[in-house]
Amino acid sequence: MLRKSVIITGASSGIGRATALLFARRGYNVVLARHKASVEELEREIESFGVEVASFLYALEDVESIKAFYKSAFERFEYIDSVVHCAGQALKEKLFIEVRDGEIEEIINTNLKGTMISCREALKFLTAQKHGNIVNVASILGETGGSFEVAYASSKGGIVALTKSLAVEYAPFRIRVNAVAPGFIETKMTSGIVGENREECLGQIPLQRFGQSEDVASLIFFLSSEEASYITGACFDVNGGAIRFD
């Protein structure tokens with residue numbers, strides 16, 4: 001029986017790292033997208049679960065890099081069951097009229113276009129095997145919008161629409177596509193929210209705590225499993241009950 005494998009982008013820290021370790025703990029071989037950050041320590045952790053791990057260069061802003069990554073990944077492992085797109089970035093909060101043209105291009109190219117190209121390249125291989133799952137990481141801001149985060153929210157909203165569209169188009173190939181929309185999760189991306197801003201965010205969360213990367217990873221794993229075989233085209237909130245973050 002073939003061991004299932006998973007591809008995870010943005011795995012060097014935060015949600016991606018937690019997701020990689022969870023899949024490894026559940027017996028999956030893991031393919032890691034390697035950009036600037038080293039993943040050697042993570043590779044050793046994954047290997048400790050008795051599974052195989054491979055890492056390849058990947059840059060969301062570089063289309064040729066994305067193509068090469070997926071080609072290498074599917075050549076390395078015979079049966080890749082799931083693809084998880086965690087990679088992305090955010091801008092420093094500011095009024096939209098202060099956001100430069102280059103910053104808009106950077107955030108849209110990295111978060112939306114990068115994820116779009118990644119889905120396209122993964123689907124070339126998944127359609128050939130007529131089975132697979134894709135989970136894209138969006139954001140609560142992609143659903144509700146957010147002041148001082150216009151470009152980021154727009155890019156994440158695009159990921160939600162991308163997910164729903166692909167789910168319909170690739171259902172005939174037995175490929176499911178879903179998204180998760182995290183709220184305030186304790187990661188490097190949110191580490192700059194401190195003091196009064198942090199307390200204000202906490203006050204908007206009914207569960208009265210910030211989420212952990214493992215909270216999101218658990219849902220990603222479920223959506224990639226057979227237990228979720230009738231779920232596609234959905235975006236699930238992981239936000240402690242928060243309606244929005246102002």
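## A tour of buried residues and ring pairs

Start by selecting Tyr 28, which is buried, with a relative accessible area of 7%. The model on the screen is predicted, and the values given at each stop are computed from it.

**Stop 1: Tyr 28 and Phe 221.** Keep Tyr 28 selected and add Phe 221. Phe 221 is buried too, because its relative accessible area of 13% falls under the 20% cut-off. How many aromatic pairs are there? The count comes to 8. One of them is formed by Tyr 28 and Phe 221, an edge-to-face pair with 5.9 Å from centre to centre and 80° between the planes. This pair joins distant parts of the chain: Tyr 28 is in the loop between helix H1 (14-25) and strand S2 (29-34), while Phe 221 is in helix H8 (residues 213-224), 193 residues apart.

**Stop 2: around Phe 221.** Add Phe 23 to the selection. Ring pairs link Phe 23, Tyr 28 and Phe 221 into a cluster. Next, show the side chain of Arg 26. Where does the charged end of Arg 26 sit? It sits over the ring of Phe 221, 4.7 Å from the centre of that ring.

**Stop 3: Tyr 58 and Phe 69.** Clear the selection and pick these two residues. Tyr 58 is buried at 5% relative accessibility, and Phe 69 is buried at 1%. Their ring centres are 4.9 Å apart and their planes are at 70°, so the pair is edge-to-face. The angle decides this, because planes over 60 degrees apart count as edge-to-face. Tyr 58 lies in the loop between strand S3 (53-57) and helix H3 (63-76), and Phe 69 lies in helix H3, so the pair ties together parts that are 11 residues apart in sequence.

**Stop 4: Thr 9.** Keep Tyr 58 and Phe 69 in view and add Thr 9, which is found in strand S1 (residues 5-9). Is Thr 9 buried or exposed? Thr 9 is buried, with a relative accessible area of 1%. Leaving aside residues up to four places away in sequence, Thr 9 touches Tyr 58 and Phe 69, and also Ala 33, Tyr 70, Val 84, His 85, Cys 86 and Ala 87. For a distance to check in the viewer, select Leu 123: Thr 9 and Leu 123 are 15 Å apart in space, C-alpha to C-alpha, and 114 residues apart in sequence.

**Stop 5: Arg 76 and Phe 77.** Finish by selecting these two residues. The charged end of Arg 76 sits over the ring of Phe 77, 4.4 Å from the ring centre.

Conventions
Residues are numbered from 1 along each chain as its sequence is written. Side-chain values use heavy atoms; hydrogens and water are left out. Helices (H or I, at least four residues) and strands (E, at least two) are DSSP runs, numbered from the N terminus. Buried means under 20% relative accessible area, exposed over 50%, partly exposed in between (1.4 Å probe, protein chains only). Contact means heavy atoms within 4.5 Å. Rings of Phe, Tyr and Trp (its six-membered ring) pair if their centres lie within 6.5 Å; planes under 30 degrees apart count as stacked, over 60 as edge-to-face and the rest as tilted. A charge sits over a ring if NZ of Lys or CZ of Arg is within 6 Å of the ring centre and within 35 degrees of the ring normal.
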